[in-house]
Amino acid sequence: MLEEQFHLSRLIAAHLKGDLDSRGQIEFDQWMAASEANRIFVDGLSESTQVAEDLKAYNSLNEQLVWNKAIHRFQDQTKTGKIRAKNISIFYSAVAAAIALIIVGAGLYFYKRTENKQNVAVVFVNDIEAGTNKATLILPNGQILNLSAAKAGVVIQSGSLKYNDGTPVAAVEKANPGLLTTSTPRGGRYQVLLSDGTRVWLNAATTLKFPASFTGLNVRRVEVSGEAYFEVAKSYKTAIVNGKKSSLRIPFVVKTSQQETEVLGTHFNINAYADEAIQKTTLLEGAVRVSDGEGNKVLKPGEQAALSQGVFRIQQIDTVAVVAWKNGDFIFKNEPFENVLRQVSRWYDVEIINSQDHKDLHFSGRVSRSRNISTVLKALSVTGKVKFKIEGRRIIVIE
Amino acid sequence: MGKIIEYDAASMMESFRSGNEQSMAHFFKLHAKSLGYFVRKMIPDDQEAEDIVANCFVKLWQRREDFQTEENIKAFLYISCRNACLDHLRHLKIKTTAQDNYLQHLEVNEDSILYQIIKSEILGILNQEIEQLPENYRQVFKLIYFEQKKTDEIAVELDLSVQTVRNYKSRSVELLKTAMLKKGISSAVMLALLLFAEQH
């Protein structure tokens, strides 16, 4: 295996050094003539500044370090009794090796260099925890309730407010007309069960405005700013149509600053943060119609409507990625770096300072939202394209 | 130091197979930098790259009885590293889109990996030329060429006088020229290397 490659490397190196004998020259010429790719490869090696860079990169490996790592693992093997490894000599030992072997040591210079190099592991001091269940509920009369961090959701009924496990949320006056507001702060998330059975998951920095009761209404209307995932319950009213009693669906409408999404009974995600240029509605099940007052579009499951500058763009989308936040993950799909930063900053409630130019940098992958921020930052920096520093509640992009 | 003593390949393989640590060190020294260069072209993270190279040598050690020739060993090391790199890339939680595309490209198109192997080996051979200079000259040459350090910085680092450093500089350039002239050749690459060294 690889004999051909090793042979070629000797041949090409000889060419670069001007060392080819006549037979070698013929072979080399044939190889060069065999394909464009071969020629391009050799040309790439013939440029001397490039060679200098490559040799520099070649020599920059910290051999001592890698050897130490290998040794530790040999010795681990020894513990399980698999390999006998007594007194493995220090790599750059001054002791002469057996005469039959090559003596290739390093000069003092080299040894000095490796001592100075420090291998600094990426460690974040002052790590930051993931977001938690945090929200406030504002009643129509202006009263503000802090929802319990120990519960994950709140259940709205016209006469009462309870947590999703049945315990009541502080005493509330009955028959409170007007809208309620549930807000999650940065670093928060919460669930709300509306009085018609519609379930809403709120991401960080999100506000949901809704009536305590939908009874008697022809349309169920709520308002969202931020990001929320809806599982809308079907709701009917009886009406006389053409002299006959029928059951009509009552639509559910979600209003954001720029659009309205009309829903008949379905599961969908709305992303409408004030600091994002595009508002996105993604349908998982059922049917919705999105409109911004001028145009409107109907979505089918698996489609996303992205509203930007008055235009709706529809595309098929990976819905798993879109609702990953609700299921406890960040999933990025070719996501621009700035977007990644905004999502991270909202969930961890941190300020991110980015002065680097990473306009063309996009990320894909999945990482859990339930770990500390260092997990996410490390996953991003392992790509080698970005580096971060944590200072209190600020994250600074340093590369 | 920096010298190469002729050795007997057969006894080297025998020592290696029987678990002699010095022969392991020999193969490490021989191949680590090439492997490191090869791996780092695929894996952006230095620490991860170092781990991969270290692990391949451990695997080599575990299987040492299976190898007949030095070239077998070299091939095993490259293949082992290549597989570890592809595994690592596949398992990265988050990749940049460029890396995602790159991984797909690698998986479909083996050629670029093969070219990388060839290049890593070539760099090793070229580097040998430089390693064969006498130590002081080699040190100075490396500092100029690879680190692009200035004469006075080098003098401080090696604890020599500035004049001594200048002398080593010009001597190393001359030695290289002589070595090449002896072989009766003038390679564009080597001359360019020398020119660079002379100008700095």
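A helix here is a DSSP run of H or I at least four residues long, and helices are numbered from the N terminus. Keep that in mind for the close-ups below, which all come from a predicted model.

**View 1. A:Arg39, a residue on helix α3 of chain A.** Let's start with a single side chain. A:Arg39 sits in helix α3 of chain A. Is A:Arg39 buried, exposed or partly exposed? Its relative accessibility is 32%, and because buried means under 20% and exposed means over 50%, A:Arg39 counts as partly exposed. Setting aside neighbours within four places in sequence, A:Arg39 touches A:Met32 and A:Ala33. You can also look across to A:Asp29, 10 residues away along the chain: the C-alpha atoms of A:Arg39 and A:Asp29 are 9.9 Å apart.

**View 2. The two sides of helix α3 in chain A.** Now step back and take in the helix that carries A:Arg39. This helix covers residues 36-45, and its buried residues are A:Asn38, A:Phe41, A:Val42 and A:Leu45. Why do these buried residues line one face of the helix? If you look down the axis of α3(A), they fall within an arc of 90°, so they share one face. A bit of general background helps here: an α-helix has 3.6 residues a turn, so residues three or four places apart point the same way. On the other side of α3(A), you'll find A:Ile40 and A:Asp43, which are exposed.

**View 3. A:Lys69 of chain A, in contact with chain B.** A:Lys69 belongs to helix α5 of chain A, which spans residues 63-79. With a relative accessibility of 15%, A:Lys69 counts as buried, because the cut-off for buried is under 20%. Which residues does A:Lys69 contact, once neighbours within four places in sequence are left aside? They are B:Gln47, B:Glu50, B:Asp51 and B:Ala54.

**View 4. Helix α1 of chain A meets helix α6 of chain B.** Here's another spot where the two chains get together. Helix α1 of chain A runs over residues 3-17 and helix α6 of chain B over residues 111-131; their axes come within 8 Å and cross at roughly 45°. That's why α1(A) and α6(B) are oblique to each other. The crossing itself is right-handed. From α1(A), the residues in contact are A:Gln5, A:Phe6, A:Leu8, A:Ser9, A:Arg10, A:Ile12, A:Ala13, A:Leu16 and A:Lys17. Facing them from α6(B) are B:Leu114, B:Ile117, B:Ile118, B:Glu121, B:Ile122, B:Ile125, B:Leu126 and B:Glu129. Sort the residues of this α1(A)–α6(B) contact by class and you get 11 nonpolar, two polar and four charged.

**View 5. Helices α4 and α5 packing within chain B.** This close-up stays inside one chain. Helix α4 (residues 70-91) and helix α5 (residues 97-108) of chain B pack at an angle of about 140°, with axes 10 Å apart. α4(B) and α5(B) are therefore oblique to each other, and their crossing is left-handed. α4(B) brings B:Leu86, B:Leu89 and B:Arg90 to the contact, while α5(B) brings B:Leu103, B:Leu106 and B:Glu107. By class, that makes four nonpolar residues, no polar ones and two charged ones.

**View 6. Chain B as a whole, for orientation.** Chain B has 10 helices and one strand. Where does the strand come in the chain? Reading from the N terminus, the order is α-α-α-α-β-α-α-α-α-α-α. Of the chain's 200 residues, 55% count as buried. Among contacts in chain B with a separation of 6 or more, 60% link residues 24 or more positions apart.

Terms used:
Residues are numbered from 1 along each chain as its sequence is written. Chains are lettered from A and ligands numbered from 1 in the order in which they are written. This is a predicted model: local features need pLDDT of at least 70, side-chain atom pairs count only at pLDDT 80 or more; totals for chains, interfaces and linings use all residues. Side-chain values use heavy atoms; hydrogens and water are left out. Axes are lines fitted to C-alpha atoms, for helices over the stretch in contact, and angles run from 0 to 180 degrees between N-to-C directions. Angles under 35 degrees count as roughly parallel, over 145 as roughly antiparallel, 65 to 115 as roughly perpendicular and the rest as oblique. A crossing is left-handed if the near helix is turned anticlockwise from the far one by less than a right angle, and right-handed if clockwise. Contact means heavy atoms within 4.5 Å. Ala, Val, Leu, Ile, Met, Phe, Trp, Tyr, Cys and Pro count as nonpolar, Asp, Glu, Lys and Arg as charged, and the others, Gly among them, as polar. Buried means under 20% relative accessible area, exposed over 50%, partly exposed in between (1.4 Å probe, protein chains only). The arc is that of the directions from the helix axis to the C-beta atoms.
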